[in-house]
Amino acid sequence: MCGFVGFFSPSNVEGKDSSIQIIKKMSETLVHRGPDSYGFWQSSNNELVFGFRRLAIQDTSVNGNQPMHSKSGQYVIVFNGEIYNHFVLRKEIENIYSNYIWKSNSDTETLLACFELWGIDESIKKCSGMFSFAVWCNKNKLLTLGRDRLGEKPLYYGWQGTGKNSIFFFGSELKAFHKHPAFEKEINRDSISSFLRHSYIPAPHSIYKDIYKLFPAHLARISLKSKKINLAKYWAPEVNHCEEIKRNSFSSDIEARDSLEDILQSSVKEQMISDVPIGAFLSGGVDSSAIVSLMQRNSTQRVRTFTVGFQDKEFNEAEHAKAVADHFQTDHSDLYINSQDLLDVVPALANLYDEPFGDSSQIPTYLISQFAKQNVTVALSGDGGDELFCGYNRYQITDKYWKKLKSIPLPVRKLIALGILKITPHNLEKIYTLLNKRNQYSNLSNKLYKGAKVLASIDTRTLYTDLVSACNDPNSMVIDGKESNTFFDSNLNSFSHLDDVSMMMSMDLLTYLPDDILVKVDRASMGVSLETRAPMLNYKLVEFALKLPQKYKLRDGTSKWLLREVLYKNIPKNLIERPKAGFAIPIGEWLRSSLKEWASDLLSNEVLEKQGFFNATKIQERWLQHQSRKYNWEHFLWNVLMFQSWYKEFHEKG
């Protein structure tokens, strides 16, 4: 796992020596992604420059350092990530060239050898892994950028400037671009609007104008002769979606279970390859427990597992995780944290996440990464299980209620919704408390309030948007801001044949997973130089899951049904079957107490009006409503605050 940055300056305005000095400064911002070594490369005409920071995982010797040249010298590459099947690819090459001599055990060297033998496009299709890279071809004078199929590893790129002074930037994180004197840093107001709704900035956009995120499963090519960027998609998960009658069929549930277990075990075994200590995150839930189960099966030693626990028993899952760890006899460690531990991370978030990011579970994710790094350099996780096997509550809600709701005429639904929305959440909570003294459900008023909003949804697409939005009117909050379309918006026809739940799962797989979940984990873990791997996101497993009939994912109200069956071969159900607490962070209460002063400063009328991004009056109105408990605007306000703290870090500090 590593980090890289580079720039292409056609007119070489920096000059040879200046280019090297600049790339060194740019690379230094990525030291957290690669503390073990560094390297630089400059093309013969001094126009193209690579900078690299290495976290050594496979072949920790100097033979694995980058930038790396292919054997013939045709290619030079900077590569971030892992090619899990690279030894298999080596055997393919050796079957063709029996006397092929390798200089290292590095997967980067394997990849370069593949490029020389099969070309970039065909080689990437053969690779199982998570990665982003930039590779220069001396023969064709082409720069190629690439990103893995699901978007586990980040890659930003784009042209800045005009005419002879234009420069093409590319790299793992935006903060590296800031160190180039020609980087313009013009904020994209449309991205702010999108961020307020989603709590992340959907690809291909970034917080800056003309700087983009490369879509997952894409290659981008840039020629020295032209500024044109040619994008090509090399893998399309949507082709694995199909109508129910065309999906995978099995003679029995046992056959389906064993098929999933085989492919998941193969993925886990493949991702356990490492020359440094390896472990796993363990929450005690279905996904992480399944991964740990198969890790321990494939290991001759006790697997290191790590859990973060909360002092508040309502949200604490550490005891459940320990019970699972004891069952599998792992070498388990848990870290108990309190509110102050969480609060202490807040000042570091802006720099850590590089652009505005509002998923508050970023905080415990950082803490567990920091904890695990004390003992291992690689950690496996269960990420992807919810999107592939129907784990989110919104899927179950849609399956249970949406068909019934759709049968009610839209005008009637809108009228009901309007009636509920006229009652504030605070008053709804009072009414509910009077009617149900046992108070069985927490935060029910906000759930009812959100439910009222989705009553007026026109179709599945708008239903999904209403369920996941932190703000339903972002354009009114941002001065001159207009939301941009997401990848799913532009490709909606490809999924029109799917049932409601499958469509929502696709939306999550192609937008929420790469732009929220995987960003959260990548930045948190790489912030402490820890590599994380997600066996659920092996592309063969993803293709298998997408072809599964829905009955294997959601059955009789039970989510992840088939994945649970795999797990229950190896562990008693009672250790897993319980309500999931998740990483619940009391952001709403913090904003009324511990974080009130910090937030008040960032949201003051004076600050907002001076910056000129937000409608200060509307922001202040929601801030006061939240303080009075009339409404709970915690997710909306947290997003605004994450932008404000990011802006202060990267645009107002000297």
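## Exercises on a predicted model

In strand β7, L142 is the bridge partner of C137. The structure is a predicted model, and the exercises below start from this pair of strands.

**Exercise 1.** Work out how strand β7 is placed between its partners, and state whether β7 is enclosed or not.

Solution.
- Step 1. Start with strand β6, residues 129-137, which pairs with β7 through six bridges in the antiparallel sense. The C137 and L142 pair belongs here.
- Step 2. Look at the connection. β6 and β7 make a hairpin with four residues between them. In that turn, K141 has a positive phi of about 55 degrees.
- Step 3. Turn to strand β11, residues 218-223. β7 and β11 run antiparallel and are joined by five bridges. L145 stands opposite A220 of β11.
- Step 4. Check burial. β7 covers residues 142-147, and five of its six residues are buried, so the strand is largely enclosed by the rest of the structure.

**Exercise 2.** Locate the cis peptide bonds that precede P67 and P204, and say which loops hold these prolines.

Solution.
- Step 1. The bond from Q66 to P67 is cis, with omega near -5 degrees. P67 sits in the loop between β3 (48-54) and β4 (68-69).
- Step 2. The bond from A203 to P204 is cis, with omega near 10 degrees. P204 belongs to the loop between α5 (189-198) and β10 (212-213).

**Exercise 3.** S199 and D480 have positive phi without being glycine. For each one, decide: buried or exposed?

Solution.
- Step 1. Phi of S199 is about 75 degrees. This residue lies in the loop between α5 and β10, where P204 is also found.
- Step 2. The cut-off for buried is under 20% relative accessible area. S199 has 12% relative accessibility, so S199 counts as buried.
- Step 3. Phi of D480 is near 60 degrees. D480 is in the loop between α18 (474-477) and α19 (487-490).
- Step 4. The cut-off for exposed is over 50%. D480 has 67% relative accessibility and therefore counts as exposed.

**Exercise 4.** Describe the surroundings of M507 in helix α20.

Solution.
- Step 1. Helix α20 spans residues 500-526 and contains M507.
- Step 2. The relative accessible area of M507 is 0%, so M507 is buried.
- Step 3. List the contacts, leaving aside neighbours within four places in sequence. M507 then touches T460, R461, Y464, F488 and Y512.
- Step 4. Set a sequence separation against a spatial one. M507 and G557 are 50 residues apart in sequence, and their C-alpha atoms are 21 Å apart.

**Exercise 5.** Why is the chain described as being as compact as a globular protein of its length?

Solution.
- Step 1. Count the elements: the chain has 27 helices and 19 strands.
- Step 2. The radius of gyration is 25 Å, and the globule rule gives 26 Å for 654 residues; the two values are close, so the chain is as compact as a globular protein of that length.
- Step 3. Add the outer dimensions. Along the principal axes, the C-alpha atoms fill a box of roughly 80 × 65 × 45 Å.
- Step 4. Add burial and contacts. Of the 654 residues, 60% are buried. Among contacts between residues at least 6 apart in sequence, 73% join residues at least 24 apart.
- Step 5. Finish with the surface and charges. The chain exposes about 26,800 Å², 49% of it supplied by carbon and sulfur atoms. The mean positions of its 79 positive and 75 negative charges are 2 Å apart.

Notes:
Residues are numbered from 1 along each chain as its sequence is written. This is a predicted model: local features need pLDDT of at least 70, side-chain atom pairs count only at pLDDT 80 or more; totals for chains, interfaces and linings use all residues. Side-chain values use heavy atoms; hydrogens and water are left out. Helices (H or I, at least four residues) and strands (E, at least two) are DSSP runs, numbered from the N terminus. The radius of gyration is taken over C-alpha atoms; the globule rule is 2.2 Å times the number of residues to the power 0.38. Buried means under 20% relative accessible area, exposed over 50%, partly exposed in between (1.4 Å probe, protein chains only). Contact means heavy atoms within 4.5 Å. Accessible areas come from the Shrake-Rupley method with a 1.4 Å probe; for residues, only the protein chains shown count as cover. Lys and Arg count as positive and Asp and Glu as negative; His and the chain ends are not counted. The place of a charge is taken as NZ of Lys, CZ of Arg, CG of Asp or CD of Glu. Two strands pair if DSSP finds at least two bridges between them.
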